[in-house]
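Work through the exercises below with the sequence and the structure open. Try each task before reading its solution.

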Amino acid sequence: MQTLHGNGSSPSSRAGNQSRLGLHSIRQHGAIQRWPLALLFSLIALAALPALAQTQAEAQYTPPPPPPPAQAPTEAPVPPPAPRTAQEYDQLVSRIALYPDPLLAQVLTASTYSDQIPEAAEWSNQHANLKGDKLAAAIAEDNLRWDPCVLALLPFPSVLNMMAQDPAWTQELGNAVLAHRAEVMDAVQRMRKQARKYGYLQPTPYNTVVETGGYVEILPVNPAYIYVPVYDPLIVYGPPAPGFFMGGAIRFGPAIVIGAAFHPFGWAHPYFVWGSHMVFFDETPWVRGWGNVGFYVHPYAHPWMRGPGPRVERHASGRR
């Protein structure tokens, strides 16, 4: 017979309860010990997910194609021509030095577009039947693509033909204007003074000849009427032979009438400032040179507005 204690339980029942409690405690303690390990494994798995995703992305990644080969370096800019002697410049300008200033300004600037001269000369010859405003209208209607200073010479077929028939001279003159304009203009002055010294260069009913500040200017009597002089450079720049009739050494072609319709081509007011070696069109200096030859556009007061599309031909040709 078991003896009951104050709590109503026998020693054996208490021992059993303690055994069960101890076993539960042991199980609970084991579970507590296993929980941090499970958490650690979970954290490790989570940490590995980005690397796994990156590995999968790398497996699917297609690299872009490589760049094309580098372009070969462009050619070095062409250096300007070396300066020539004063005598060489004199010879270069001798055939045009006695042109009236407005026409000479157009010839010097147009020579810098020497590649456009032959085609312009051909067009001018083919449109011999057009003059004055009708010629200006044809230039616009045919949508000609040349520079305005080349278009300015279309009323002067004899000048364009002279330039087109000697392309080497025209290109040489243009290069000299671009690279050594001061020397070119000084040569013009030397030749004019030489012709004046020997009595060939004189005022005429077509042009006035004045010397201002040591510079000889040849100016049209009427700016709207331009007369092209015709002369032999081997004669007019040297002393006349005994008995030579000097009055016939310089002859003039027919008048070329330049009205307001030609103002878009620089005929509003072309002139020189000889002391500064400057060419002006419409009160604005023309500053095309060797360094900006590829992109210079002169800001004419009455700009030439080309139409869209290519050049066209709308007029019957008639050779001069």
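**Exercise 1.** Which residues does Tyr296 touch, not counting residues up to four places away in sequence? Find also where Tyr296 lies and whether it is buried or exposed.

*Solution.* The model is a predicted one.

Step 1. With residues up to four places away in sequence left out, Tyr296 touches Tyr113, Pro285, Trp286, Val287 and Arg288.

Step 2. Take one of these, Trp286, and compare sequence with space. Tyr296 and Trp286 are 10 residues apart in sequence, and their C-alpha atoms are 9.4 Å apart.

Step 3. Locate the residue: Tyr296 belongs to the segment after E9.

Step 4. Look for polar contacts. The side chain of Tyr296 reaches the backbone nitrogen of Val287 at 3.3 Å, and a polar contact of 2.7 Å links it to the side chain of His298.

Step 5. Decide on burial. The relative accessibility of Tyr296 is 13%, and the cut-off for buried is under 20%, so Tyr296 counts as buried.

**Exercise 2.** Describe the sheet that contains E7, E8 and E9, and state which strands stand at its edges.

*Solution.*

Step 1. Begin with one pair. Strand E7 covers residues 270–273 and strand E8 covers residues 278–281; they pair in the antiparallel sense over 4 bridges.

Step 2. Find residues that face each other across the pair. Phe272 stands opposite Val279 in E8, and Tyr271 has Phe280 in E8 as its bridge partner.

Step 3. Look at the connection. E7 and E8 form a hairpin with 4 residues between them. In this turn, His277 has a positive phi of about 55°.

Step 4. Put the strands in order. The sheet is open, has 3 strands in the order E7-E8-E9, and is paired antiparallel. E7 and strand E9 (284–285) each have a single partner strand, so they stand at the edges and one side of each has no neighbour in the sheet.

Step 5. See what packs on the sheet. Helix H3 (residues 101–110) does so, touching E7 and E8, and its direction makes about 85° with that of E7.

Step 6. Inspect the loop between E8 and E9. Asp282 is found there, and so is Glu283. Neither is a glycine, yet Asp282 has a positive phi of about 55° and Glu283 has one of about 65°. Asp282 is buried, because its relative accessible area is 9%.

**Exercise 3.** How many residues lie between E1 and E2 in their hairpin, and which residue in the turn has a positive phi?

*Solution.*

Step 1. Identify the strands: E1 spans residues 207–212 and E2 spans residues 215–220, and 6 bridges join them in an antiparallel arrangement.

Step 2. Check one facing pair: Thr208 stands opposite Leu219 in E2.

Step 3. Read the turn. There are 2 residues between the strands, and Gly213 in the turn has a positive phi of about 60°.

**Exercise 4.** Which residues have the most contacts inside the largest nonpolar core? Then examine the buried residues of H7.

*Solution.*

Step 1. Recall a general tendency: in soluble globular proteins, nonpolar side chains tend to be buried together.

Step 2. Here the largest nonpolar core has 70 residues, and Leu103 and Phe156 have the most contacts inside it.

Step 3. List the contacts of Leu103, leaving aside neighbours within four places in sequence: Leu153, Phe156, Val159, Ile226, Val228 and Trp267.

Step 4. Turn to helix H7 (residues 157–165). Its buried residues include Pro157, Val159, Leu160, Asn161, Met162 and Met163. The buried residues of H7 pack against H3, helix H4 (117–126) and helix H8 (167–179).

**Exercise 5.** Where is Asp142, and what does its side chain contact?

*Solution.*

Step 1. Asp142 is in the loop between helix H5 (132–141) and helix H6 (148–151).

Step 2. Its relative accessibility is 0%, so Asp142 counts as buried.

Step 3. The side chain of Asp142 makes a polar contact of 3.2 Å with the side chain of Trp123.

**Exercise 6.** What share of the chain is buried, and how many helices and strands does the chain have?

*Solution.*

Step 1. The chain has 10 helices and 9 strands.

Step 2. Of its 320 residues, 38% are buried.

Step 3. Among contacts with a separation of 6 or more, 72% are between residues 24 or more positions apart.

Technical notes
Residues numbered from 1 in each chain as written. Predicted model: local features only at pLDDT ≥ 70, side-chain atom pairs only at ≥ 80, totals over all residues. Heavy atoms only, no water. Buried < 20%, exposed > 50% of the residue type's maximum accessible area, 1.4 Å probe, protein only. Polar contact = N/O pair within 3.5 Å; in protein donor to acceptor, adjacent residues only side chain to side chain. Core = buried A, V, L, I, M, F, W, Y, C linked by side-chain atoms within 4.5 Å. Contact = heavy atoms within 4.5 Å. Pairing = 2+ DSSP bridges. Axes fitted to C-alpha atoms, helices over the stretch in contact; angles between N-to-C directions.
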